[in-house]
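Colleague: Mind walking me through this one? I'd like to start with the outside and work my way in.

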Amino acid sequence: MAGKLMHAVQYNSYGGGPAGLKHVELPVPAQKEDEVLLKIEAVSINPIDWKLQKGIARPLLPRKFPFVPSATDVSGEVVTVGSGVKNFKAGDKVVSILSPMSGGGLAEFCVAKGSLTVPRPPELSAVEAAGIPSGALTAHVALTQYAGVKLDGTGPQKTILVTAASGGVGHFAVQLAKLGNTLVTATCGARNLELVKSLGADEVLDYKTPDGAALRSPAGRKYDAVIHCTTGIPWSIFEPNLSGNGKVIDLTPGVSTMMTFALKKFTCSKKRIVPLLYSPKGENLEYLVKLVKEGKLKTVVDSKYPLSKAEDAWAKSIDGHATGKIVVEP
């Protein structure tokens with residue numbers, strides 16, 4: 001592949017939104033010894049992609065311009081493998097999660113760490129598979145490590161609230177929670193009420209109604225854990241809805257979350273809000289892919305775009321009303 005060019009999408013500075021994306025020809029990247037080179041078949045866009053473009057992590061990320069966004073979740077075919085990668089060979093179909101730091105997913109080829117790449121079973125399409133990594137991994141960590149839900153159905157029953165339950169993380173959180181011994185209340189927009197019910201939620205609230213805005217369970221349940229997949233809900237709304245030891249797991253923590261987190265810790269409050277922090281693990285991704293293969297978990301795909309229309313996918317993600325995942329196909 002040395003010297004070969006590929007179509008890629010990049011941006012040259014902070015800001016600019018969809019209009020800031022440029023279509024370019026770049027050399028196909030060379031993999032390091034612990035990496036695989038993939039021919040990308042599908043990649044999903046995540047909010048972190050355009051948030052980095054907006055400058056959420058400046059001046060740390062992106063490390064340099066021009067930058068090819070990571071669009072972290074990719075599925076494709078192995079082209080070549082680094083000398084340190086023993087479990088893959090050319091032609092293998094795989095799913096991988098890329099680092100937002102190194103980027104590279106909005107292109108025809110990318111390099112991925114061998115340790116964060118797992119086999120893609122023939123039962124899964126490239127598009128389904130590309131929807132899994134970051135959304136399902138985030139939901140999995142929030143439920144198992146933070147909320148203490150056992151996905152084999154054992155353990156005491158827990159009451160879980162999922163906010164923005166039709167989104168890229170929320171739709172996985174509802175399904176995974178229902179594999180455990182849980183009662184799930186979910187919030188979403190009116191047009192997605194039936195979808196979220198179909199994913200297994202016991203109660204579904206339209207977030208624009210008074211009960212939905214107040215996060216009130218129709219059955220009067222208090223929540224042991226909230227998988228909080230959106231922004232803009234103050235602690236004062238959560239607190240009366242939590243059980244004695246209830247906690248809010250905030251997937252996109254801002255300044256107010258960190259201040260409330262510190263205050264609750266300082267006052268030894270049993271009700272608290274915690275920021276979600278995690279590093280992806282290959283074995284967890286393999287487990288989630290297996291659940292999809294077995295029909296216990298499914299990727300909801302909002303829309304698909306060719307790489308030539310990547311800026312339209314970008315705009316759709318920024319709009320914030322996608323149902324499930326937004327996928328780009330090179």
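Modeller: Happy to. Keep in mind that this is a predicted model. The accessible surface of the protein chain adds up to about 14,500 Å², and the share of that belonging to carbon and sulfur atoms is 56%.

Colleague: How many of the 330 residues count as buried, as a percentage?
Modeller: A residue counts as buried when its relative accessible area is under 20%. Going by that cut-off, the share of the 330 residues in the protein chain is 51%.

Colleague: What does the radius of gyration say about how compact the chain is?
Modeller: The chain has ten helices and 15 strands. Its radius of gyration is 20 Å, and the globule rule gives 20 Å for 330 residues, so the chain is as compact as a globular protein of that length. Along the principal axes, the C-alpha trace spans about 65 × 40 × 40 Å. To put the answer in a phrase: as compact as a globular protein of that length, with a radius of gyration of 20 Å.

Colleague: Among contacts between residues at least 6 apart in sequence, what percentage join residues at least 24 apart?
Modeller: Here a contact means heavy atoms within 4.5 Å. Among the contacts in the chain between residues at least 6 apart, the share joining residues at least 24 apart is 68%.

Colleague: Now the helices. Are H1 and H10 roughly parallel or roughly perpendicular?
Modeller: H1 covers residues 47-54 and H10 covers residues 310-319, and their axes are 9 Å apart. They pack at an angle of about 95°, and angles of 65 to 115 degrees count as roughly perpendicular. H1 and H10 are therefore roughly perpendicular.

Colleague: Which residues make that contact between H1 and H10?
Modeller: By class, the contact of H1 with H10 has four nonpolar residues, two polar and one charged. From H10 come Trp314, Ser317 and Ile318. From H1 come Pro47, Asp49, Trp50 and Gln53.

Colleague: How many charged residues are in the contact of H3 with H9?
Modeller: H3 (residues 133-146) and H9 (residues 282-293) cross at roughly 100°, their axes coming within 10 Å, which makes H3 roughly perpendicular to H9. On the H3 side, Pro133, Ala136, Leu137 and His140 take part, meeting Asn284, Leu285, Tyr287 and Leu288 of H9. Sorted by class, that contact has six nonpolar residues, two polar ones, and charged residues: no.

Colleague: Where is threonine 260, and is it buried or exposed?
Modeller: Threonine 260 lies in helix H8, residues 255-266. Setting aside neighbours within four places in sequence, threonine 260 is in contact with Trp235 and Ile273. Its relative accessible area is 15%, and the cut-off is under 20%, so threonine 260 in H8 is buried.

Colleague: And leucine 215, buried or exposed?
Modeller: Leucine 215 lies in the loop between helix H6 (210-214) and strand E11 (223-228). Its contacts beyond four places in sequence include Leu161, Thr163, Ile233 and Phe238. The C-alpha atoms of leucine 215 and threonine 163 are separated by 8.7 Å, though the two are 52 residues apart along the chain. With a relative accessible area of 2%, leucine 215 is buried.

Colleague: What is the C-alpha separation of glycine 84 and tyrosine 207?
Modeller: Glycine 84 lies in the loop between strand E4 (73-81) and strand E5 (93-97), and is partly exposed at 48% relative accessible area. Along the chain, glycine 84 and tyrosine 207 are 123 residues apart. Their C-alpha atoms are separated by 49 Å.

Colleague: Which residue precedes proline 62 in a cis peptide bond?
Modeller: Most peptide bonds are trans. Proline 62 lies in the loop between H1 and E4, and so does proline 66, which is joined to phenylalanine 65 by a cis bond with omega about -10°. For proline 62, omega is near -15° and the partner is leucine 61.

Colleague: What is phi of cysteine 268?
Modeller: Most residues other than glycine have a negative phi. Cysteine 268 lies in the loop between H8 and strand E13 (272-275), and is exposed at 64% relative accessible area. Its phi is positive, near 55°.

Definitions and conventions. Residues numbered from 1 in each chain as written. Predicted model: local features only at pLDDT ≥ 70, side-chain atom pairs only at ≥ 80, totals over all residues. Heavy atoms only, no water. Axes fitted to C-alpha atoms, helices over the stretch in contact; angles between N-to-C directions. Helix = DSSP H or I, 4+ residues; strand = E, 2+ residues; numbered from the N terminus. Parallel < 35°, antiparallel > 145°, perpendicular 65-115°, else oblique. Nonpolar A, V, L, I, M, F, W, Y, C, P; charged D, E, K, R; others polar. Rg over C-alpha atoms; globule rule 2.2 N^0.38 Å. Buried < 20%, exposed > 50% of the residue type's maximum accessible area, 1.4 Å probe, protein only. Areas by Shrake-Rupley, 256 points an atom, 1.4 Å probe, with all protein chains shown as cover.
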